[in-house]
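Please look at the sequence and the model before reading on. The questions below then go through the ligands and the space that holds them.

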Amino acid sequence: MPNGVLLVVSGPSGAGKGTLVGRLAERDDRVWVSVSATTRAPREGEREGVHYLFYTVEDFEDAIADDAFIEWARVHGNYYGTPVAPIYEHLEAGDVVILEIDVQGAFQVKERFPDAVLVFVTTPSMEELRSRLEGRGTDSEEAIETRLANAEGELSYIPRYDYVIENDDLEQATEELASVVESQVAH
Ligand code: ADP
Ligand code: 5GP
C-alpha cells in the first residue's frame with residue numbers, strides 16, 4: 001500500500017461510527033474520510049459530495065461495470081460503494097484514509113489491501129443501539145427496524161476485525177480510535 005494508512009471502520013448503524021470518525025478528523029489533519037456513493041435517499045441535512053454521492057440505481061450499476069469502486073455492497077436494501085480514484089490519491093499523499101463501510105465491504109478491502117486495518121465499533125447493548133437510532137431522529141421507524149435486525153448479523157463478524165471499540169463513553173472511544181491510528185502511523 002503506497003505511503004498512507006488505510007483504516008476501515010464498521011459496525012451497526014447507530015453505533016457512533018460517523019461521530020467518532022468526525023471527531024478524529026477534526027483533531028488530526030492527516031485524516032481523510034472517504035465519501036461513499038449510495039442509492040439511498042438523502043436524509044435531511046445530508047449534502048451531495050459531503051456525506052455521500054447520491055446515485056441512481058442505473059448510475060451505480062454503470063459505475064460497478066466500469067470498476068469505479070474499490071468495494072461495493074447492498075446494505076439495508078440499497079447500494080453503497082467506495083469510489084476508487086480518491087483512495088489511491090490520498091494513500092499516495094501519505095494520508096490516514098478512513099472508510100466507514102459495512103462488513104461485506106470491509107473484507108473486500110482487506111482482500112485488495114492486506115495491510116488495511118479493520119476496526120469494529122459497537123454499543124454496550126442492543127437497547128442502547130435502538131435508543132441512539134431513535135435519538136438521532138434521521139430514520140423512519142421501518143428503517144430503524146431494518147438496521148436493528150441487521151445489527152445481529154454484523155456483530156457476528158467481530159472476531160475477524162483487528163480492533164473492537166465499545167463506544168460507551170464518547171471521549172474514551174475517540175481516544176481508542178486515535179491510538180489505533182497512532183499505532184499504524186508509527187508502523
Ligand atoms: P453511525 O455513524 O454508526 O450510524 P452516528 O455517529 O450517527 O452512528 O451516531 C448515532 C447517534 O448516537 C447520534 O445521534 C450520535 O450523536 C449518538 N452517539 C454517538 N456516540 C455516542 C455515545 N458514546 N454516547 C451516546 N450517544 C452517542
Ligand atoms: P447509512 O445509510 O446509515 O448512512 O449507512 C448504512 C450502512 O452502510 C452503514 O453500515 C455504513 O457503514 C454502510 N456504508 C456506507 N458507505 C458504504 C460503502 O461505501 N460501502 C459499503 N460496503 N458500506 C457502506
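**Ligands and their pocket**

Q: Which residue places a polar side-chain atom 3.3 Å from a nitrogen atom of ligand 1?
A: In this predicted model, the term polar contact denotes a pair of N or O atoms within 3.5 Å. A nitrogen atom of ligand 1 has such a partner at 3.3 Å, a polar side-chain atom of Arg132.

Q: What pLDDT do local features need in this model?
A: Residues are numbered from 1 along each chain as its sequence is written, while chains are lettered from A and ligands numbered from 1 in the order in which they are written. Side-chain values use heavy atoms, with hydrogens and water left out; as the model is predicted, side-chain atom pairs count only at pLDDT 80 or more, totals for chains, interfaces and linings use all residues, and local features need pLDDT of at least 70.

Q: How much of the accessible area of ligand 1 does the protein cover?
A: Oxygen atoms of ligand 1 also have partners: a backbone N or O atom of Gly16 at 3.0 Å and a side-chain N or O atom of Lys17 at 2.9 Å. Accessible area comes from the Shrake-Rupley method with a 1.4 Å probe. Of the 570 Å² that ligand 1 has on its own, the protein covers 74%.

Q: Which helix gives the most residues to the shell around ligand 1?
A: The shell consists of 14 residues, each with a heavy atom within 4 Å of the ligand. A helix is a DSSP run (H or I) of at least four residues, and a strand is a run (E) of at least two. With three residues, the leading contributor is helix 1.

Q: How much of its area does ligand 2 have buried by the protein?
A: Oxygen atoms of ligand 2 lie 2.5 Å from a polar side-chain atom of Tyr52 and 3.1 Å from a polar backbone atom of Gly81. A nitrogen atom of ligand 2 is 2.7 Å from a polar side-chain atom of Glu71. Taken alone, ligand 2 exposes 510 Å², and the buried share is 96%.

Q: How much space lies in the largest pocket?
A: On a 1 Å grid over the protein atoms alone, a pocket is an open set of points where a 1.4 Å probe fits, with protein on both sides within 12 Å along at least five of seven lines. Ligand 1 takes up space in the largest pocket, and so does ligand 2, a molecule being counted there if more than half of its atoms lie within 2 Å of the grid points. The volume, that of probe spheres set on the points, is about 880 Å³.

Q: How many residues line the largest pocket?
A: Lining residues have an atom within 4 Å of a grid point. Among those nearest the centre are Lys17, Arg43 and Glu100. The number of lining residues is 33.

Notes: A polar contact is a pair of N or O atoms within 3.5 Å; within protein, one must be able to donate a hydrogen and the other to accept it, and residues adjacent in sequence count only if both atoms are side-chain atoms.
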